[in-house]
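Q: I have just opened this one and would like a careful walk through it. Could we take it topic by topic?

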Amino acid sequence: MKKLLGIMVLGLLLSGNAYAAGECIKGNCSNGYGTLSFDTATLEGNFKDGKFHGVFRLFNKTQGRTYVLNLENGKATEFLIDEKSIKIDKSITSKKTLKIDVYAFILDVADKPNNNFVEQQIETSNRVWKQANIFWNLKSIELIKPGMTWNKYQSYYEKNCKPLKSCFYNLSKSKAEKIYKRIDKLVNIKKNKKNDGVNIFFLPDNIPWRNVANAMVRENPKKQFQTENEKYILLPYLRVYDGYLIENKSTLPHELGHILNLTHVKKDFVNGVDNNSKRLMYSGTSGAYLEMYEINNSRESAKTIFKIK
């Protein structure tokens, strides 16, 4: 979260004291719709009794990126995806809808999400992926026992993955594979994985890799571009930043892009704005927009991986 808002703004949002530190530059920042400005960011949304209440947009002036969050009584509670950035092209929606089955698994540990949270995640993903005319069909939600305790996995990861900030990018293939095998054991992959759809395992939080990513797609280190259904998603229920826990509702549509072989897009910083931050495959933001080449590539991958004719 340091990279997202900066320590000062984050602390104010989570403590509910952001209003006192900012300057109202537009609208009604007491009871209505307004814009609050800080040195490093502007926040736009609805106010109630002098506090943000509801969905709001945050523009980081340093990064040139926009994020979408939900607040309750001035306190940040959820990271959301920016559905306003989506563009629907009739040339795509007139094509056959590609339906991909989804199997959701909730790890039976403390701080686990309920079924309603999972269903909301799939509904959001379908609104985002409508631009590619791909429908994620939730087949089942299953509560599963972990193959090892969450704490044991976390301890193993932090012991063997150093430095944490860049661990998964710098590990040797052999060491990465050892950690991947622990992940396989944690979610009982041999027992639980279904071969005819996407497998999503909901974990309590992203503590073990909090400096790397908000979610992970487990894949063969030797084979990033898949033609078979080999990958699966590890999705934290809570995103952890600087000791704070916030519900994670912005990541799954992005990770589903990786399932369909889409890769991250790079920065496109022009006149103080990072234009690519509105794109779905930009890492770490609320972006939801897919370029046409990404739509076409993801549809071809869906047909190949999930044997859709």
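A: What follows goes from the overall make-up to the cores, the salt bridges, a pocket, and finally a loop glycine and a helix. Please keep in mind throughout that this is a predicted model.

Q: Fine, so how many helices and strands are there in the protein chain?

A: The protein chain has 10 helices and 14 strands. Of its 309 residues, 53% are buried, and its accessible surface comes to about 14800 Å², with 48% of that belonging to carbon and sulfur atoms.

Q: What share of the contacts with a separation of 6 or more comes from residues 24 or more positions apart?

A: Such residues account for 62% of those contacts in the protein chain.

Q: Now the inside: how many residues does the largest nonpolar core have, and which have the most contacts inside it?

A: The largest nonpolar core has 40 residues, and those with the most contacts inside it are Ile100, Trp129, Trp136, Val198, Ile200, Ile233 and Leu260. Two or more residues each are given to this core by strand 7, helix 4, strand 8, strand 9, strand 11 (232–241), helix 9 (252–259) and helix 10 (292–305). As background, nonpolar side chains in soluble globular proteins tend to be buried together.

Q: Take Val198 from that list; what is it in contact with, leaving aside neighbours within four places in sequence?

A: With those neighbours left aside, Val198 is in contact with Ile100, Asp101, Val102, Tyr103, Trp136, Ile233, Leu256, Ile259 and Phe306. Apart from the largest core lies another core, of 22 residues, and Tyr103, Leu107, Tyr157 and Ile179 are among them.

Q: Changing topic, how many salt bridges does the structure hold?

A: The structure holds seven salt bridges. One of them pairs Glu83 with Arg127, where the closest N and O atoms are 2.9 Å apart. Glu83 lies in the loop between strand 6 (75–80) and helix 3 (90–93), whereas Arg127 lies in helix 4 (residues 115–129), so this pair ties together parts that are 44 residues apart in sequence.

Q: And is that pair buried or exposed?

A: Neither label fits, as Glu83 is partly exposed with a relative accessible area of 31%, and Arg127 is partly exposed with 40%.

Q: Which residue does Asp108 form a salt bridge with?

A: Asp108 forms a salt bridge with Lys145, the closest N and O atoms being 3.0 Å apart. Since Asp108 lies in the loop between strand 7 (98–107) and helix 4, and Lys145 in the loop between strand 8 (134–144) and helix 5 (150–160), the pair ties together parts that are 37 residues apart in sequence. Asp108 is partly exposed, with a relative accessible area of 23%, while Lys145 counts as exposed at 59% relative accessibility.

Q: Where do Glu142 and Lys194 lie?

A: These two form a salt bridge as well, and the closest N and O atoms of Glu142 and Lys194 are 4.0 Å apart. Glu142 lies in strand 8 and Lys194 in the loop between helix 8 (189–192) and strand 9 (198–205), so the pair ties together parts that are 52 residues apart in sequence. As for networks, salt bridges that share partners join Asp108, Lys112 and Lys145 into one.

Q: On to pockets: what volume does the second largest pocket have?

A: The second largest pocket has a volume of about 300 Å³. It is lined by 18 residues, and the closest to its centre are Val55, Val68, Leu80, Ile81 and Glu83. Strand 3 (41–48), strand 4 (51–60) and helix 4 each give two or more residues to the lining, and helix 4 gives the most, with five residues.

Q: Where is the place of Gly287?

A: Gly287 sits in the loop between strand 14 (273–274) and helix 10. Gly287 is buried, with a relative accessible area of 5%. Leaving aside neighbours within four places in sequence, Gly287 is in contact with Ile81, Ser85, Ser277, Lys278, Arg279 and Leu280.

Q: Last one: how many of the residues of helix 9 are buried?

A: Eight of its eight residues are buried, so to speak of helix 9 as mostly covered is fair. Among them are Leu252, Leu256 and Ile259. Helix 9 is followed by Asn261, whose phi is positive, near 75°.

Notes
Residues numbered from 1 in each chain as written. Predicted model: local features only at pLDDT ≥ 70, side-chain atom pairs only at ≥ 80, totals over all residues. Heavy atoms only, no water. Salt bridge = Lys/Arg side-chain N within 4 Å of Asp/Glu carboxyl O. Helix = DSSP H or I, 4+ residues; strand = E, 2+ residues; numbered from the N terminus. Buried < 20%, exposed > 50% of the residue type's maximum accessible area, 1.4 Å probe, protein only. Core = buried A, V, L, I, M, F, W, Y, C linked by side-chain atoms within 4.5 Å. Contact = heavy atoms within 4.5 Å. Areas by Shrake-Rupley, 256 points an atom, 1.4 Å probe, with all protein chains shown as cover. 1 Å grid on protein atoms, 1.4 Å probe; cavity = no way out; pocket = protein on both sides within 12 Å on 5 of 7 lines; lining within 4 Å. Points joined across faces, edges and corners; volume = space filled by probe spheres on them.
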